[in-house]
Amino acid sequence: MQIQQQVSLAPLTTFKVGGPARYFVEAASEEDVRAAVAEAQTRGWPLFVLGGGSNLVISDAGWPGMVLKVALTGITERRDGARMRFEAAAGEDWDGFVAHAVARDCAGIECLSGIPGTVGGTPVQNVGAYGQEVSDTITSVRLLDTASGEFRELENADSGFAYRASIFNTRERGRYVVLRVSFALAPGGAPRIEYADLKRYFADCSRPPTLRETREAVRAIRLSKAMLIVPGDDDCRSAGSFFKNPALSPEAFRQLQARAGQVPNFPARDRMVKVPAAWLVEHAGFAKGLTRGPVGISRKHALAIVNRGGATAADIISLKNEIQQRVLDEFGIQLQPEPVFVGFDKPV
Ligand SMILES: Cc1cc2nc3c(=O)[nH]c(=O)nc-3n(C[C@H](O)[C@H](O)[C@H](O)COP(=O)(O)OP(=O)(O)OC[C@H]3O[C@@H](n4cnc5c(N)ncnc54)[C@H](O)[C@@H]3O)c2cc1C
């Protein structure tokens, strides 16, 4: 195990901001992960687990302890009755895994095409897009429990999956390192065409689209919204959507409508009403393409704060605070950020 020092983290993230890791280890095997975690614990270094860096805002000061980059690779598959079971190592590129599953004609994650990051990052916030979430097809997650130093398998039902949430980013945050994720996909299954954007895309199609066409459609739609990483395009130098879509009680939604008139909405779990955060941001006065020096809002998506070049984490936090305050003042809604904030002295 090689421990590097003062490794710049900005290039390892999609936002391209943030200071260095005091110590940095890249682990390519389960035993390397265990050894790195043990080393950090023995030395009293705080540990941060890094995947593809696509959902992070890293502070300008960086991380004072060890950053452990999970680089385990490998995908296996086996037929299990009507399902195909895939096991993908945590360091595999997520979109590469989706491409592999689609090429094997297995349905269940095709709408999650084009999401950046690693396989290991996906259960953390229960990644979702265009009508699918990883929790729909994850069967179990293999983990290192940093509290005991033991490897263990956690079943889907014990992972606390919800909208952009799991036990990994809520009550057990920081406890587990994801090593491998198991999925049950449907061989020969039909793609999920439920989301309005996808239905529109295929409106003129005289036959049901294939999995491959669906994957291509999702990637094309994402490209048009700068939600696909294109090197050199500053509209996708971001952490994707910066705020979660708020879920309101029917009463809170009525109050919002009384204040704002007609507001787009869609039904959520437990009779809640979900409101697009992008609508709130735009209607609070933050238009697509807004620029504030080195930061701004994507020209193609109101929900993405972007680094136009040379931004600091402080610049990003400042724009985030301004948006949250204005949305609160205008609509009485406290927007919750989606990315993970790393290395900040106080809660962001
Ligand atoms: C352009 C763009 C579009 C995006 N679109 C979407 C979208 O449509 N839907 C969506 O849900 N998200 C989206 N995201 C957010 C992001 O891509 C996902 O959350 C992704 O799953 C993060 O994975 P990662 O490997 O990059 O994790 P990182 O960003 O490196 O880490 C995120 C969190 O996961 C933890 N983590 C990562 N790997 C492990 C591991 N192996 N074990 C334990 N903890 C780990 C980290 O500690 C951190 O807390 C988008 C981001 C961008 C930049």
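Student: What makes the charged end of K274 count as sitting over the ring of Y163?

Tutor: In this predicted model, the charged end of K274 is 3.3 Å from the centre of the Y163 ring. The distance cut-off is 6 Å, and the group must also lie within 35 degrees of the ring normal. K274 is listed as sitting over the ring of Y163, so both conditions hold.

Student: How many aromatic pairs does the structure hold, and why is the pair of F15 and F242 called edge-to-face?

Tutor: There are 14 aromatic pairs. The ring centres of F15 and F242 lie 6.4 Å apart, and their planes meet at 65°. Centres within 6.5 Å make a pair, and planes over 60 degrees apart make it edge-to-face, so both tests are passed.

Student: Where in the chain do F15 and F242 lie?

Tutor: F15 is in the loop between β1 (4–8) and β2 (20–27), while F242 is in the loop between α4 (211–224) and β14 (247–248). The two are 227 residues apart, so the pair links distant parts of the chain. Both F15 and F242 are buried. They also belong to one aromatic cluster with F243, F341 and F344.

Student: What makes Y201 and F202 an edge-to-face pair?

Tutor: Their centres are 5.1 Å apart and the angle between the planes is 75°. The limits are 6.5 Å for pairing and over 60 degrees for edge-to-face, so the label follows.

Student: Why is F202 called buried, and why is Y201 called partly exposed?

Tutor: F202 has a relative accessible area of 12%, and buried means under 20%. Y201 has 45%, which lies between the 20% and 50% limits, so Y201 is partly exposed.

Student: How do you know that β6 and β7 are paired strands?

Tutor: Six bridges join β6 (residues 75–80) to β7 (residues 83–89). Pairing needs at least two bridges, so the criterion is met. The strands run antiparallel, and D80 stands opposite R83 in β7. Two residues lie between the strands of this hairpin, where G81 takes a positive phi near 65°.

Student: What makes the contact between the ligand and R222 a polar contact?

Tutor: A nitrogen atom of the ligand is 2.7 Å from an N or O atom in the R222 side chain. The limit for such a pair is 3.5 Å, so the contact counts. By the same limit, ligand oxygen atoms make contacts with polar backbone atoms of V49, at 2.6 Å, and of P116, at 3.0 Å.

Student: How much of the ligand does the protein cover?

Tutor: The protein covers 94% of the 960 Å² of accessible area that the ligand has on its own. The ligand is surrounded by 36 residues.

Technical notes: Residues are numbered from 1 along each chain as its sequence is written. This is a predicted model: local features need pLDDT of at least 70, side-chain atom pairs count only at pLDDT 80 or more; totals for chains, interfaces and linings use all residues. Side-chain values use heavy atoms; hydrogens and water are left out. Rings of Phe, Tyr and Trp (its six-membered ring) pair if their centres lie within 6.5 Å; planes under 30 degrees apart count as stacked, over 60 as edge-to-face and the rest as tilted. Helices (H or I, at least four residues) and strands (E, at least two) are DSSP runs, numbered from the N terminus. Buried means under 20% relative accessible area, exposed over 50%, partly exposed in between (1.4 Å probe, protein chains only). A residue is near a molecule or strand if one of its heavy atoms lies within 4 Å of it. A polar contact is a pair of N or O atoms within 3.5 Å; within protein, one must be able to donate a hydrogen and the other to accept it, and residues adjacent in sequence count only if both atoms are side-chain atoms. Accessible areas come from the Shrake-Rupley method with a 1.4 Å probe; for residues, only the protein chains shown count as cover.
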